[in-house]
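Please look through the sequence and the structure below, and then follow the report from one pair of strands to the wider arrangement.

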Amino acid sequence: MTSQEFLVQLVGAPLYKKFPCASKDLNTVARSIRVHEHRFDLYCPLCDKDSTWKLIVSDETSLRHKLEKASVGPISPGHFNGGASTTLWYGKFQLITQCSRDPSHLATYYFDTGKLPNESTSKHKHGISEKDVTSEAPQQALERSFITKVGQTPSLFDFQKTVLGSLSIGLSKEQANDFVRAIQTHSHGYHVASCVYLRRVFESMLDAAKAQHIAEHELTSWEDYDAGKTSQKIQLLKQYLPKFLVDHPHLYTLLSLGVHELSEQQCAEEFENLRTAIDIIIREQISNANDMKRKVEISTLLSKSINQRKNGK
Ligand SMILES: [Zn+2]
């Protein structure tokens, strides 16, 4: 993964999601992010449009980077010589990014990498010896070395509003609210809760389809449906449901696992796929609703035209 790709992942990540990083590379990775020069694409909540963003690197940070390169040359990963001009880039730091459409549009992100393994016992104050870094078992060191986003402004939810803008038509208010809450809770680091809200959207679609079937068939109860498993209910309702939902009944199983069994971290890992799946379903439902509305409108207009022509108007 390039530093560009990693930076975009970090910027778009929910708070407190841990990105593992080999401890011997932690300083190098942190440096590559903090002095990143290339622009990246991201929606701007202040412009309310897609935009490109660039990192604002302070003069002091830029100078530190230049001095480090000039004095010690390329630093091989895992080998820091402790010299005065070797900079420690990891730890707590912030990144400020700027929208290319309007320079006054800024976003600030706060990160924490924690300390390197065994750093607290290190005798080196200005650098880290290779021995310190590698004295733990590799897997343990890996597990303890990560980069985490611990804050940002505007919030991640503000950046994701673009997803929500077109969802007000064709959805019930409860469905739209639950989908928004799923994204909100995820952006605040509550990933199990986000699964609860996504599952509610899914269930409410089944409920609405069931109500439609009962109304059309003038039923007072529907025992086959009530006794069935979710996958069977979906089959019974398939003519009323978005095709993507019908084709992926196991989505409900995964959402339920998220609600009842998966950890916060596991739910965080699954969130993007689950959110996208529900997003596809919602959009298909909206599209179907719009198609139906258009058909009814055209049908009415055609009938009116035929009557008028017949009557010679
Ligand atoms: Zn902007």
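## From β4 to β5

In this predicted model, T97 stands opposite A107, a residue of strand β5. The two strands concerned, β4 and β5, run antiparallel and are joined by 7 bridges, with β5 covering residues 106–112.

## From β4 back to β3 and β2

Strand β4, which spans residues 92–99, is also joined to β3, and here 4 bridges link the two strands in an antiparallel pairing. Within this pairing, I56 has I96 of β4 as its bridge partner.

Strand β3, made of residues 49–56, is in turn joined by 5 bridges to strand β2, residues 40–44, and these two strands run antiparallel. One pair of facing residues here is Y43 and D50, the latter lying in β3. The hairpin that β2 and β3 form has 4 residues between its strands, and in this hairpin D48 takes a positive phi near 60°.

## The whole sheet

Which strands form the open sheet, and in what order? The sheet has 6 strands, arranged as β1-β6-β5-β4-β3-β2, and their pairing is antiparallel. At the edges lie β1, which covers 18–20, and β2, each of them pairing on one side only. From one strand to the next, the twist averages 40°.

Helix α1, residues 3–12, packs on this sheet, where it touches β1, β2, β5 and β6, the last of these being 146–153. The direction of α1 makes about 20° with that of β2.

## Two packed helices

Two helices that pack together are described by the angle between their axes and by the distance between those axes. For helix α8, residues 173–187, and helix α14, residues 264–310, the packing angle is about 165° and the axes are 11 Å apart. Because an angle over 145 degrees counts as roughly antiparallel, α8 is roughly antiparallel to α14. The crossing of α8 and α14 is left-handed.

Which residues of α8 meet residues of α14? On the side of α8 they are F179, A182, I183 and H186, while α14 contributes F271, R275, I278 and I282. Sorted by class, the contact of α8 with α14 has 6 nonpolar residues, together with 1 polar and 1 charged residue.

Technical notes: Residues are numbered from 1 along each chain as its sequence is written. This is a predicted model: local features need pLDDT of at least 70, side-chain atom pairs count only at pLDDT 80 or more; totals for chains, interfaces and linings use all residues. Two strands pair if DSSP finds at least two bridges between them. Axes are lines fitted to C-alpha atoms, for helices over the stretch in contact, and angles run from 0 to 180 degrees between N-to-C directions. Two residues are in contact if their C-beta atoms, placed from the backbone, lie within 7 Å. Angles under 35 degrees count as roughly parallel, over 145 as roughly antiparallel, 65 to 115 as roughly perpendicular and the rest as oblique. A crossing is left-handed if the near helix is turned anticlockwise from the far one by less than a right angle, and right-handed if clockwise. Ala, Val, Leu, Ile, Met, Phe, Trp, Tyr, Cys and Pro count as nonpolar, Asp, Glu, Lys and Arg as charged, and the others, Gly among them, as polar.
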